[in-house]
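User: Could you help me look through this model? I would like to ask a few things as we go.
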Amino acid sequence: MSVLVTGGAGYIGSHMVLALLDRGDDEVVVVDNLSTGFRWAVAAPAELVVADVGDIEAMMRLIERRSVDAIIHFAGSIVVPDSVVDPLGYYLNNTVKSRALIEAAVRCGVEHFIFSSTAAVYGMPEVNPVGEAAHLAPISPYGSSKLMTETMLKDAAVAHPLRYVALRYFNVAGADPAGRSGQSTPRATHLIKVACEAALGKRPRLEVFGTDYPTPDGTCIRDYIHVSDLARAHLLALDRLRAGAGSMVLNCGYGRGYSVLEVIDAVRRVSGVDFTVDHAARRPGDPAALVAAADLIRSELGWRAERDELDVIVADALAWERSLSGRLSA
Ligand SMILES: NC(=O)c1ccc[n+]([C@@H]2O[C@H](COP(=O)([O-])OP(=O)(O)OC[C@H]3O[C@@H](n4cnc5c(N)ncnc54)[C@H](O)[C@@H]3O)[C@@H](O)[C@H]2O)c1
Ligand SMILES: O=c1ccn([C@@H]2O[C@H](COP(=O)(O)OP(=O)(O)O[C@H]3O[C@H](CO)[C@@H](O)[C@H](O)[C@H]3O)[C@@H](O)[C@H]2O)c(=O)[nH]1
């Protein structure tokens, strides 16, 4: 039996492949169209198939050839502001193509499906920490495209012998502690990555988007989760599904938030570099605070955080950023 990891050449997917291989699950096949991922990010002996998850026939052939019993679906488009500019592109890549993949799974009898959802399904939550039962009101096409996939999975799981876990990631950060993978996308927009680039002189400065939010220091608060802790949550979800558990929707965060200024302090502290920080206008669509209620994932999966110190997340991200320059041309 193989695990199919879509988007396994990308940031989080490449850590998932490492987590599977590290625990001895060697039958791993990756599907990635390399639109933002990297061939080198797929660790051996995982097989990389360069294909599009929307190609239902190709997905069915692959599922049959590798006897896939579980799909972990990371492939997608991820930049929230881009989704506002190109909503139909986001609905195509995230929703329409996920529908094709789910149909391939159903037609081939794959019973276990894990989906990368997002805290963006909550929009601007009225209460923090935000629980899984909170009102779902995405404010971007990106968040809507992910919520629509959650809905398809919910309905498909009623009609077919398919069980799924939708994991709603909060802000994913950090890198493999052993230095084998990390966030590599050029022109990244994520705060910790951008701050590490500024600390290493790859950017002239960091801009703080908004200092007048109703938070203690006026900047936005987010729940940053280490990518290795997140990958481990997927392993546990996979084990639960294979053991017969029912479908679940779970937040992935630590339940603790840090402001933009606290993150900048951590990057300055860990790097020892006092890089330039400018105050800028609010970025459209940013909620003031987004922190996970993280009890359900602990009770349902027995998940425990291992790298939840902000300085550890930053140190891993910084180490990866230092090692990155030579790799991107590969
Ligand atoms: N990074 C975060 O903070 C975050 C937060 C919440 C949810 N997520 C979700 O996690 C998943 C992975 O995100 P990431 O940060 O690793 O992004 P990423 O861009 O590094 O990885 C996405 C991968 O999917 C591939 N891909 C995209 N469209 C494809 C398609 N149609 N067919 C085949 N491959 C395709 C890309 O080439 C890339 O390798 C995404 O679904 C994203 O929405 C990420
Ligand atoms: O140069 C920067 C970059 C970010 N920020 C701020 O930092 C915070 C975090 O921003 P970012 O790292 O871009 O993450 P989010 O916009 O919170 O979105 C991430 O986290 C969401 C879940 O919480 C996911 O759905 C998204 O895919 C993922 O990009 C926000 O307040 C931003 O305004 C800055 O001030 N300056």
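User: What phi does G244 take, just after α7?
Analyst: In this predicted model, G244 follows just after α7 and takes a positive phi of about 105 degrees.

User: And how many residues does α7 itself have?
Analyst: Helix α7 has 16 residues, running over 227-242, and from its first C-alpha to its last it reaches 23 Å, which is close to the 22 Å expected at 1.5 Å a residue.

User: How many of those residues are buried?
Analyst: Of the 16 residues of α7, 12 are buried, so the helix is largely enclosed by the rest of the structure. Among them are V227, L230, H234 and L241.

User: Okay, switching to domains: how is the protein chain divided?
Analyst: The protein chain is divided into domain 1 (2-173 + 224-252) and domain 2 (191-222 + 255-324), and 27 residues of domain 1 are in contact with 25 residues of domain 2. On the side of domain 1 that touches domain 2, the largest share, seven residues, comes from α7.

User: Where does ligand 2 lie, then?
Analyst: Ligand 2 lies between domain 1 and domain 2, because both give residues to the shell around it.

User: Which residues are closest to ligand 2?
Analyst: The closest are T118, A119, L191, F209 and C220, out of 21 residues that surround ligand 2. The elements giving two or more residues to this shell are α6 (191-199) and β8 (206-209), with β8 supplying the largest share, four residues.

User: How do the shell residues divide into nonpolar, polar and charged?
Analyst: The shell around ligand 2 has 13 nonpolar, four polar and four charged residues.

Technical notes:
Residues are numbered from 1 along each chain as its sequence is written. Chains are lettered from A and ligands numbered from 1 in the order in which they are written. This is a predicted model: local features need pLDDT of at least 70, side-chain atom pairs count only at pLDDT 80 or more; totals for chains, interfaces and linings use all residues. The expected span of a helix is 1.5 Å times one less than its number of residues. A residue is buried if 20 or more other C-beta atoms lie within 10 Å of its own, exposed if 12 or fewer, and partly exposed in between; C-beta atoms are placed from the backbone. A residue is near a molecule or strand if its C-beta atom, placed from the backbone, lies within 6 Å of it. Ala, Val, Leu, Ile, Met, Phe, Trp, Tyr, Cys and Pro count as nonpolar, Asp, Glu, Lys and Arg as charged, and the others, Gly among them, as polar. Domain bounds come from an automatic or database domain assignment. Two residues are in contact if their C-beta atoms, placed from the backbone, lie within 7 Å.
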